[in-house]
Structures are given as structure tokens and as C-alpha cells.
Amino acid sequence: MIVRTIVALALAALAASACTTASAAQLPTHIAIRIHYSHFDQTKIDVPMGVPVTFTLVNDDPIDHEWLIGDEAFHARHRAGTEAVHGDRPNEISLPPFSIKTTTLTFDRPGPLTFICHFPQHEAYGMVGVVMVKPG
Ligand SMILES: [Cu+2]
């Protein structure tokens, strides 16, 4: 009888957790992305809309990379190389070898954005990830 009660409690706990969907308020606002062997260690990240989200970008490679986040039109400009050299824009981060940089962005629209390293061949090699902005 005791065992049956414990099983019932465990099932109830499982059902309760399964019903809990992550609201935007519960999503992380501090995210670390590590680059190693020319890959991002996370490629699908959910973030909340309308609040500052801080990204810590760690380049563990002996070569340069970059972390550029935006929509398709933004990436099309970077692929074509018509965008100016990256300055201090918070969505365009240059990452020298073995560097760590932090940037904070507030996303004001829901939906997916892509982060890509636009160094030659890096996108094709797989340096691509998606940030999904979730409304609150
Ligand atoms: Cu790269």
C-alpha cells in the first residue's frame, strides 16, 4: 500500500511538471556560448522578449571568429560583404583568438534570429545558430 501511494505521488509530480510550459519570464537572461573547433556549443537558444539578455561569447580557438546576430536581410548584407567593418554594435561581435566578450541585447520582436560567423567558409562549416525570441 505504501509503494502504491509513492507511485501515485510520483506520477502526479510528473504530470504537474509536464503541464508546466516555460513562460518567457522563466527563460534565461544570461547565456554563454562557447566556440571550439569552429562550432558554437549551442545552436538553439530561447530568450525572452523585451528584457535585456546578456551573451558571454567565448572563443576557445586559435583563430578569429565573429558572432553576428540578425534577420535574413542582415545576414544577406554580411554574406555579400557590403556591410562595414564591425564597430561597437552590440549585435556584431568580433572575437579574436582565445577571447571572451560580453554583449547585451533587448529583443523587441518575437520570432527567430540567426547568429552566424561570416568569416570565409565558417557558415558553411556550421557556425550557425538560432535565437528564438519568445513573447512574455
Ligand atoms: Cu568563425
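**Two sheets and a core: reasons behind the descriptions**

Modeller: In this predicted model, strands in the order E2-E1-E4-E7 make up an open sheet of 4 strands with mixed pairing.

Colleague: Why are E2 and E7 said to stand at the edges?

Modeller: E2 and strand E7 (100–106) each have a single partner strand, so one side of each is left without a neighbour in the sheet.

Colleague: What makes the pairing in this sheet mixed?

Modeller: Both senses occur around E1. Strand E1 (residues 30–36) pairs with strand E4 (residues 52–59) in the parallel sense, over 6 bridges. With strand E2 (residues 39–40), E1 pairs in the antiparallel sense, over 2 bridges.

Colleague: How do you know that E1 and E2 pair, given 2 bridges?

Modeller: Pairing requires at least two bridges between the strands, and E1 and E2 have 2; the condition is therefore met. In E2, His 39 is the bridge partner of His 36, and Phe 40 stands opposite Ile 35. Ile 35 also has a bridge partner in E4, namely Asn 59.

Colleague: What lies between the two strands of the hairpin of E1 and E2?

Modeller: There are 2 residues between them, and in this hairpin Tyr 37 takes a positive phi near 50°.

Colleague: Which strands form the other open sheet, and in what order?

Modeller: That sheet has 5 strands in the order E3-E9-E8-E5-E6, again with mixed pairing. Its edge strands are strand E3 (44–48) and strand E6 (92–95), each of which pairs on one side only. From one strand to the next, the twist averages 20°.

Colleague: How do you know that E8 and E9 are paired?

Modeller: Strand E8 (residues 111–116) and strand E9 (residues 128–134) run antiparallel and are joined by 6 bridges. At least two are required, so the two strands count as paired. One of the bridges links Ile 116 to Val 128 in E9.

Colleague: Why is Leu 68 called buried?

Modeller: Leu 68, in strand E5 (residues 65–70), has 21 C-beta neighbours inside 10 Å. The cut-off is 20 or more, so Leu 68 counts as buried.

Colleague: Which residues is Leu 68 in contact with, leaving aside its neighbours within four places in sequence?

Modeller: They are His 78, Asn 91, Glu 92, Phe 115, Ile 116 and His 118. In addition, Leu 68 and Ile 93 are 25 residues apart in sequence, while their C-alpha atoms are 6.2 Å apart in space.

Colleague: Which residues have the most contacts inside the largest nonpolar core?

Modeller: Trp 67, Ile 69, Phe 115 and Val 131 have the most contacts inside this core, which has 19 residues. The elements that give it two or more residues are E4, E5, E6, E8 and E9. Beyond its neighbours within four places in sequence, Ile 69 is in contact with Asn 91, Leu 113, Phe 115 and Val 131.

Colleague: How many helices and strands does the protein chain have, and what pattern do they follow along the sequence?

Modeller: The protein chain has 3 helices and 9 strands, and their pattern along the sequence is α-β-β-β-β-β-α-β-β-β-α-β. Of its 136 residues, 20% are buried. Among contacts between residues at least 6 apart in sequence, 71% join residues at least 24 apart.

Notes
Residues are numbered from 1 along each chain as its sequence is written. This is a predicted model: local features need pLDDT of at least 70, side-chain atom pairs count only at pLDDT 80 or more; totals for chains, interfaces and linings use all residues. A residue is buried if 20 or more other C-beta atoms lie within 10 Å of its own, exposed if 12 or fewer, and partly exposed in between; C-beta atoms are placed from the backbone. Two residues are in contact if their C-beta atoms, placed from the backbone, lie within 7 Å. Axes are lines fitted to C-alpha atoms, for helices over the stretch in contact, and angles run from 0 to 180 degrees between N-to-C directions. A nonpolar core is a set of buried Ala, Val, Leu, Ile, Met, Phe, Trp, Tyr and Cys residues joined through C-beta atoms within 7 Å.
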